[in-house]
Amino acid sequence: MTVTAAPVRRTPITPSTVLVGGVVGVLALAVVSTFIGVSDMSWEVFWISRLPRTLSLILSGAALAVVGLLMQLLVRNRFVEPSTVGTTEAAGLGLVTITLLAPGAPLMVKMVVAALFALAGTWLFLRVVRTMPVRETILVPVIGLMLGGVVAAMTTFLAFHNDLLQTLNSWMIGDFSGVLRGRYELLWLVAVLVVVAFVAADRFTVAGMGETFSTNAGLDHRKVVAVGLSIVSLVSAVVVVTVGVIPFLGLIVPNIVSAMVGDNARRGLPWVAVLGSGLVLGCDILGRLVRYPYEIPVGTVMGVLGAGFFLYMLLRRPSR
Amino acid sequence: MTTETLPPTTVSVRRPRLGPWLRVGIAGLIALAVVAGFLLADTNGYADFVVPLRVRRLVALVLVGWAIALSTVLFQTVTGNRILTPSLMGFDALYVLVQTVVVFAFSAQLLNQTDARVQFFLETALMLVFALTLFRWLFSSGRYELHVLVLVGLVLATLFRSIAGFLQRLIDPSEFQVLQNLLFASFTTVDEDLVWVTAGVVGVVTLIVVRRLRVYDVLALGAPLATSLGVDHRRETTRVLALVAVLVSVSTALVGPVTFFGLLVAHLAYQLAGTHRHAVVLPMAGLSAVICLVGGQFVLERLLDVTTTLSVVIELVGGLTFIALLIHRARRNLS
């Protein structure tokens with residue numbers, strides 16, 4: 001995508017300076033985010049509510065975007081991310097199941113169960129997709145969305161029978177207004193997973209080139225895919241359990257980044273993380289300001305933006 | 001895709017065991033039996049009290065079933081494939097969005113004073129404008145392949161739902177109550193006023209459709225063939241899309257969005273009808289819909305003693321069917 005006339009003069013702005021700019025932008029957004037709120041600012045409010053909220057926005061934004069990239073590499077399809085293949089829905093089903101079986105279970109247990117369900121959901125999706133001819137790029141997200149719908153219907157069924165429907169709705173829409181100190185710390189686990197993804201970035205890039213290629217390159221393809229999908233499932237589960245679903249984030253960010261810096265995961269990952277945080281911060285700030293002093297959950301804002309972007313991606317594709 | 005809608009020639013080779021009209025007759029009898037069961041079972045001697053109550057719900061169920069069946073089959077005829085349905089393309093979600101926009105634009109107070117029927121017509125009119133613009137554009141010139149269209153539909157539905165959700169958050173909590181009553185209609189709670197108005201609307205649409213059955217048979221042959229046979233393909237397609245938009249408004253206004261039901265019923269009808277003539281397929285689809293809806297409600301309510309979960313069951317079965325259909329097609333295309 002580089003302009004061919006480039007050798008004449010190298011532009012003074014290198015990607016890394018832009019990246020630094022991105023980090024500064026995210027920090028600025030974080031400061032703005034910390035100082036928006038209904039109650040007057042005090043140290044107490046800052047430590048208990050504002051700071052945790054801003055931190056969890058940054059963490060979950062970066063993690064979801066990174067996970068989206070990971071999934072796109074491993075499935076080799078631009079249109080997949082946890083919320084378009086049923087991973088998120090499966091995590092939701094797990095959350096409802098454990099809440100019904102053991103209502104008093106600690107958050108950690110809930111998270112583990114949700115993660116196991118998410119893993120199972122992702123695995124099921126991969127099994128179904130493997131039966132498809134490779135060329136059917138568009139069909140992959142269609143089947144993913146359908147599977148997600150089926151899993152969501154099961155969740156609704158369970159929730160409906162146990163009068164959990166309203167609770168379920170509040171769980172499944174990403175919302176950071178309930179984030180307080182002591183209720184978001186699980187998200188640090190997500191940060192660890194993102195670091196793992198950074199370390200293993202090259203492996204995922206190679207694995208994304210296909211099983212034969214990566215085996216040739218001396219990589220245990222199955223193991224890399226298994227590790228990758230575990231990261232995806234864990235991150236999805238943690239985010240669903242702590243803040244709810246933020247749809248399409250993992251779809252928007254990696255696609256923008258790959259248009260900017262290409263498909264190399266190691267080069268793209270920092271961008272993906274920074275842009276992901278920035279986008280979630282921005283959406284959350286928007287949601288808090290549009291109808292001040294009320295809040296619009298970030299999941300709803302992202303739903304509108306993300307679906308719009310997805311449509312744009314689909315329709316600008318060259319026709320046959 | 002056109003080869004798929006052409007099979008009359010193969011039908012004459014392999015003669016169906018039962019004539020098409022006999023099949024429709026049998027379906028009609030089963031539908032009657034189901035309806036009778038729904039109305040008369042378990043009245044415990046209070047028939048004169050229970051039956052009139054059930055009639056209203058029955059009429060609603062029949063209307064919804066009929067509207068969804070008709071709209072799905074017609075939509076599949078004009079789009080020339082059997083995977084797309086109006087609800088998959090986001091028609092239902094669009095109606096929900098239109099309802100939300102109406103509550104958002106006019107105050108709920110104003111809406112409370114206006115008749116539910118006036119509101120229904122207003123929303124249907126808006127829906128017509130939106131749906132026609134959008135789907136004319138998507139389907140014109142066949143610029144997108146089928147799978148792209150399916151995905152676009154799914155994402156459009158999500159987009160409409162998200163915008164509706166966004167607007168719902170902007171609406172005053174008290175006004176939201178009004179909207180919630182509109183949106184969370186289900187198979188068990190149906191507005192009485194609306195039932196009779198929509199019955200009229202569905203009746204009119206059915207009449208229009210009956211007069212044009214042969215045109216639809218020609219449309220199913222695909223644009224080039226239909227045009228050479230003297231049918232204005234573009235105009236007819238627009239008309240059908242308009243009828244579909246009206247039918248979807250009816251069913252969504254009565255019971256809310258039902259994603260997969262149309263797909264199930266239409267495929268049931270294609271299998272059962274034994275012919276591709278709309279004169280047979282449409283009533284077959286309508287009757288299957290009535291049997292499934294009324295029968296399903298009956299079984300769930302009276303035999304299994306669970307209520308209002310019919311739509312969830314449909315969603316489950318329909319979703320799995322859809323995935324199976326997609327995989328089947330993809331494999332067939334490969335071989």
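Two residues are in contact here when heavy atoms of one lie within 4.5 Å of heavy atoms of the other. By that rule, and leaving aside residues up to four places away in sequence, B:A279 touches B:W21 and B:L213. The model is predicted. It places chain B against chain A, with 42 residues of chain B in contact with 38 residues of chain A.

**Interface between chain B and chain A**

- About 3,600 Å² is buried between chain B and chain A, and carbon and sulfur atoms give 81% of that area.
- On the chain B side, the residues that lose the most area to chain A are B:L151, B:F166 and B:R169, which together account for 17% of what that side buries.
- The rule for salt bridges finds zero of them across the interface of chain B and chain A.
- Polar contacts between chain B and chain A also come to zero residue pairs, counting pairs with both residues at pLDDT 80 or more.
- Three helices of chain B, α6 (116-139), α7 (146-170) and α15 (310-334), each supply at least two residues of the side that touches chain A.
- Of these, α7(B) gives the largest share of that side, with 16 residues.
- Sorted by class, the side of chain B that touches chain A consists of 27 nonpolar, nine polar and six charged residues.

**Chain B fold**

- Chain B contains 15 helices and zero strands.
- Of the 335 residues in chain B, 55% are buried.
- Taking contacts in chain B between residues at least 6 apart in sequence, 79% join residues at least 24 apart.

**Surroundings of B:A279**

- B:A279 belongs to helix α14 of chain B, which covers residues 278-303.
- One of its contact partners is B:L213; the two residues are 66 apart along the chain, and their C-alpha atoms are separated by 6.0 Å.
- The other residue that B:A279 touches, with residues up to four places away not counted, is B:W21.

**Confidence in chain A**

- The average pLDDT of chain A is 82, and 92% of the residues score at least 70.
- Within chain A, confidence is highest in helix α4 (residues 87-101), at a mean of 90, and lowest in helix α7 (residues 165-172), at 74.
- Residues 1-8 of chain A have a pLDDT below 50, and this stretch has zero contacts in the model beyond near neighbours in sequence.

Notes. Residues numbered from 1 in each chain as written. Chains lettered and ligands numbered in written order. Predicted model: local features only at pLDDT ≥ 70, side-chain atom pairs only at ≥ 80, totals over all residues. Heavy atoms only, no water. Buried area = accessible area lost by both parts, 1.4 Å probe. Salt bridge = Lys/Arg side-chain N within 4 Å of Asp/Glu carboxyl O. Polar contact = N/O pair within 3.5 Å; in protein donor to acceptor, adjacent residues only side chain to side chain. Helix = DSSP H or I, 4+ residues; strand = E, 2+ residues; numbered from the N terminus. Nonpolar A, V, L, I, M, F, W, Y, C, P; charged D, E, K, R; others polar. pLDDT = per-residue confidence, 0-100. Buried < 20%, exposed > 50% of the residue type's maximum accessible area, 1.4 Å probe, protein only.
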